[in-house]
There are 2 protein chains.
Amino acid sequence: MNEAGATTAVRGDGEASGAEGAPVRPMRADAVRNRRLILEAAEEVFAAQGVSAPIDAVAERAGVGVGTLYRHFPTKEALFEAIVLTRLEELVAAAAAGAERDDAGEAFFSFLRTFAGKLSNKHDLIDALGAEGIDIKSRCAGMAGDLESGVETMIRRAEAAGAVRDGITPKEVLGLVVGLCQATERPEFDGVSRQRMVDVVCAGLRPPA
Amino acid sequence: MNEAGATTAVRGDGEASGAEGAPVRPMRADAVRNRRLILEAAEEVFAAQGVSAPIDAVAERAGVGVGTLYRHFPTKEALFEAIVLTRLEELVAAAAAGAERDDAGEAFFSFLRTFAGKLSNKHDLIDALGAEGIDIKSRCAGMAGDLESGVETMIRRAEAAGAVRDGITPKEVLGLVVGLCQATERPEFDGVSRQRMVDVVCAGLRPPA
DNA sequence: TACTATACGGAACGATAGTTCCGGTTGTCA
DNA sequence: TGACAACCGGAACTATCGTTCCGTATAGTA
């Protein structure tokens with residue numbers, strides 16, 4: 001196994017290479033195209049329905065048979081992982097960027113808003129970060145760890161700057177934001193303002209007066 | 001259909017009565033016992049695993065066959081509803097009590113802590129109030145509405161007392177707390193302190209300095 | 001004790017979803 | 001252009017779960 005769970009090593013442009021650079025025939029053009037179609041379809045379907053979306057729905061949306069889908073991704077989980085990994089990378093990058101900013105307090109709170117925004121309408125990410133019944137796989141767990149590290153740095157720096165209350169942990173912060181995003185995605189929580197909920201969390205994270 | 005979805009009208013003690021008091025033979029002793037066993041088992045199983053727990057697991061834990069279970073509750077949903085309804089009643093009562101207290105601010109925040117506590121290890125309640133893929137049925141929806149009303153009253157009174165920021169809605173508050181409880185139930189969120197997360201939310205709900 | 005309405009148990013059924021298999025198709029290269 | 005490896009599609013298999021059915025057991029009663 002390798003990147004994104006693909007059966008065959010492949011870069012975005014359809015090139016392929018063996019483990020130690022041994023020349024391997026590149027993927028056929030139709031295979032490259034189908035792989036991309038599957039990823040695009042999966043992104044939409046998983047975002048809209050979360051992990052529980054049937055694999056057939058992805059195949060149908062991509063306009064390929066399930067057999068084709070399984071040729072590219074050995075299991076549903078591998079496909080899901082590929083999607084989530086991409087999304088997580090963006091978050092990790094945002095966290096890393098925030099951890100470097102000079103205005104530690106503002107950096108942290110602004111990251112939280114970005115974070116909540118990126119979770120909006122992304123049931124896949126919400127499921128991966130906060131729902132039950134999902135075994136975050138090694139790769140995702142690693143990414144999630146990176147995310148935590150970035151947040152940890154931001155918190156410690158914001159703490160030192162007196163912008164955040166003492167003793168808070170990254171997991172607590174992430175749990176808070178993921179939780180409220182999960183709630184706002186539900187139909188019953190239609191009229192609620194995610195913006196305001198994030199505000200409440202941010203306000204609560206500031207040091208007590 | 002009637003109370004708690006039972007096939008036969010039944011009170012807690014095993015008495016039964018028709019719609020207009022027409023004498024109906026009481027449930028057999030073994031039926032009464034099994035009904036209780038099923039409810040007890042369902043309470044534990046649903047609390048531990050949420051709605052997605054297999055019905056067979058409940059039957060097995062109760063020590064009865066599935067046929068027996070279905071004799072008492074027409075669908076899995078009816079059984080789930082019976083459990084959740086009981087739990088919701090407690091919450092509604094707590095909310096109503098809080099809405100009457102003189103110290104509006106403290107009443108509200110103390111309710112939130114109670115609320116979070118009652119959600120702890122109760123995956124059924126968390127699922128019913130905050131997870132996806134569950135159609136809250138009429139009776140539960142009514143109860144949830146009562147809960148919201150109680151919280152609304154507390155909020156408005158706390159607002160008037162200057163203890164809570166303006167413009168917050170019950171749904172936002174409930175979403176925040178349900179969300180954080182959902183997060184803390186996950187294995188990955190092992191080391192996190194739900195206590196502190198509730199604190200953060202409470203602090204954030206106070207009026208800005 | 002004998003009778004019967006009531007209740008019980010669990011095999012069996014139908015639906016859903018993940019995964020495998022294989023006959024047919026097609027891109028690629030000589 | 002011919003040949004072959006890679007690829008495709010979707011039927012079929014497997015597992016899980018909610019629900020139904022029906023032959024058997026038993027509590028309650030005369």
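Colleague: Which element gives the largest share of the surface near DNA strand D?

Modeller: In this predicted model, α3(A) gives the largest share of that surface, with 4 residues.

Colleague: And how many residues surround DNA strand D in total?

Modeller: There are 24 residues around DNA strand D. The closest are Asn34(A), Val64(A), Gly65(A), Gly67(A) and Thr68(A).

Colleague: Which elements give two or more residues there?

Modeller: From chain A they are α1 (29-49) and α3 (66-72). Chain B gives α1 (29-49), α2 (55-62) and α3 (66-72).

Colleague: What about nonpolar, polar and charged residues near DNA strand D?

Modeller: The surface near DNA strand D has 9 nonpolar, 7 polar and 8 charged residues.

Colleague: Let's turn to the protein contact. How many residues does each chain put in?

Modeller: Chain A brings 31 residues to the contact, and chain B brings 31 residues.

Colleague: Which elements of chain A touch chain B with two or more residues?

Modeller: Those are α8 (170-184) and α9 (194-205) of chain A. The largest share of that side, 10 residues, is from α8(A).

Colleague: How do the residues on that side divide?

Modeller: The side of chain A that touches chain B holds 14 nonpolar, 12 polar and 5 charged residues.

Colleague: What turn lays chain A on chain B?

Modeller: A turn of 179 degrees, with a shift of 0.0 Å along the axis, does it at an RMSD of 0.1 Å. So the two chains have the relation of a two-fold axis.

Colleague: What share of the contact residues of chain A recur in chain B?

Modeller: The figure is 100%, and the same surface serves both copies.

Key: Residues are numbered from 1 along each chain as its sequence is written. Chains are lettered from A and ligands numbered from 1 in the order in which they are written. This is a predicted model: local features need pLDDT of at least 70, side-chain atom pairs count only at pLDDT 80 or more; totals for chains, interfaces and linings use all residues. Two residues are in contact if their C-beta atoms, placed from the backbone, lie within 7 Å. Ala, Val, Leu, Ile, Met, Phe, Trp, Tyr, Cys and Pro count as nonpolar, Asp, Glu, Lys and Arg as charged, and the others, Gly among them, as polar. A residue is near a molecule or strand if its C-beta atom, placed from the backbone, lies within 6 Å of it. Copies are superposed by least squares on the C-alpha atoms of residues with pLDDT of at least 70 in both.
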